[in-house]
Amino acid sequence: MCRGNLLLAALLVGSTFAHGSFAAEPGSRQQDEQAIRQTAQEYLAALARGDAKALAGFWTPDGDVVDEQGRSTAAREVIAQESRPAGEGTKPEIKLTSSSIRFLSAEVALEDGTSEVRAAINGLPPLGGRFTVIWVKQDGKWRLASLRESRIEPPSTVAQLADLDWMTGDWSGQNGDTVIEVSAHWNPNRTFLLRDLKVLRGGQAVFQGTQRIGWDPLTRTIKSWVFDSGGGHGEGTWTRAGDSWVVQASGVLGDGRQTTSTNVYAPDGKDSSTWKSIGTLTDGERMPDLDIKLVRKPAAK
């Protein structure tokens, strides 16, 4: 989820929960919580106006935003991006699904929450996110000191890819003088299977590329995207057929020639598999089919 979306989501607490849906605490704590939520409402109003100067005033001078990759950006840089006017109908719809505020001291409060962001493009599913905001009280006013964010991946994304788990590991296979080496592993959230591919002939690398396999929420299918060292790229759509996976692929080579092919991947026991590439056309010219057995290498000790 982008910084701007979660920045909005974190501050939506002001408009969503301002009417008494939080558990009130006696005395100053209740007043401070109301003040934080009111400040959030005022921030949203400034954001809607695109008033970068007013927005900066809600942050401490060294306030920062840290995204899910751990990258820290000065809040005022984010403000400069998010305060730019957007065209009508292009702003995402943001819904806060939960939020809680607890006080670490009289001048420091921690807010945790979750949100959903629905893009203005029809058909895109909502993105879920978690956020943590640190508020500090300076000169009698509550200001934002830090925003930490992370995306909540839909469980269905992981579930849809679970049947590809057999492809992980380091593999090699040979067909005549052609040797293929494949290394596959999951990204940290198991939302993409990442594969490094290398083809050698006569001991010389003739192809090297990377492939990313993931769930496409728009088409609700598994898709893959491949990029090779020669500047080519391609895309494939995966369909399960029994224990096999059939991939209809198309792409373009680095010299501009267009290609299409059908690839079939199938497990063959615990540590072996087959890879067939058939019907490959390059600018309409038929290429030789590939039929190779891959063997998983033993895991390094």
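Let me begin with Gly256, which at 43% relative accessibility counts as partly exposed, because that class covers what falls between buried, under 20%, and exposed, over 50%. Please keep in mind throughout that what we are looking at is a predicted model. If you look for Gly256 in the structure, you will find its place in the loop between strand 13 and strand 14. Its C-alpha atom and that of Asp283 are separated by 9.3 Å, although the two residues are 27 apart along the chain.

From that loop, let us turn to the largest pocket, whose volume is about 1200 Å³. Its lining is made up of 42 residues, and those lying nearest the centre are Phe207, Ser261, Trp275, Ser277 and Thr280. Several elements give two or more residues to this lining, among them strand 8 (178–186), strand 9 (192–201), strand 14 (258–267) and strand 15 (272–282). If we sort the lining by class, we count 20 polar residues, 16 nonpolar ones and 6 charged ones.

Now to the aromatic rings. A pair of such rings is described by two things, the distance of the centres and the angle of the planes. How many aromatic pairs does a search of the whole structure find? The search finds 4, and I would like to go through two of them slowly.

In the pair of Phe103 and Trp142, the ring centres are 5.9 Å apart and the planes stand at 65°, so we call this pair edge-to-face, since the angle is over 60 degrees. Phe103 sits in strand 3 (residues 93–103) and Trp142 in strand 6 (residues 141–152), so that the pair links distant parts of the chain, 39 residues apart. Are these two residues buried or exposed? Phe103 is buried, with a relative accessible area of 16%, and Trp142 is buried as well, with 5%.

The other pair is Tyr265 with Trp275, where the centres lie 5.5 Å apart and the planes meet at 25°, so this pair is stacked, its angle being under 30 degrees. Here Tyr265 belongs to strand 14 and Trp275 to strand 15, with their positions 10 residues apart in the numbering, and both residues are buried. You may remember Trp275 from the pocket, where it was one of the residues nearest the centre. Together with Trp238 and Trp245, Tyr265 and Trp275 form one aromatic cluster.

Finally, there is a charged residue to look at beside a ring: Arg212 lies over the face of Phe192, at 5.0 Å from the ring centre.

Technical notes: Residues numbered from 1 in each chain as written. Predicted model: local features only at pLDDT ≥ 70, side-chain atom pairs only at ≥ 80, totals over all residues. Heavy atoms only, no water. 1 Å grid on protein atoms, 1.4 Å probe; cavity = no way out; pocket = protein on both sides within 12 Å on 5 of 7 lines; lining within 4 Å. Points joined across faces, edges and corners; volume = space filled by probe spheres on them. Helix = DSSP H or I, 4+ residues; strand = E, 2+ residues; numbered from the N terminus. Nonpolar A, V, L, I, M, F, W, Y, C, P; charged D, E, K, R; others polar. Buried < 20%, exposed > 50% of the residue type's maximum accessible area, 1.4 Å probe, protein only. Phe/Tyr/Trp six-rings, centres within 6.5 Å; stacked < 30°, edge-to-face > 60°. Lys NZ or Arg CZ within 6 Å of the ring centre and 35° of its normal.
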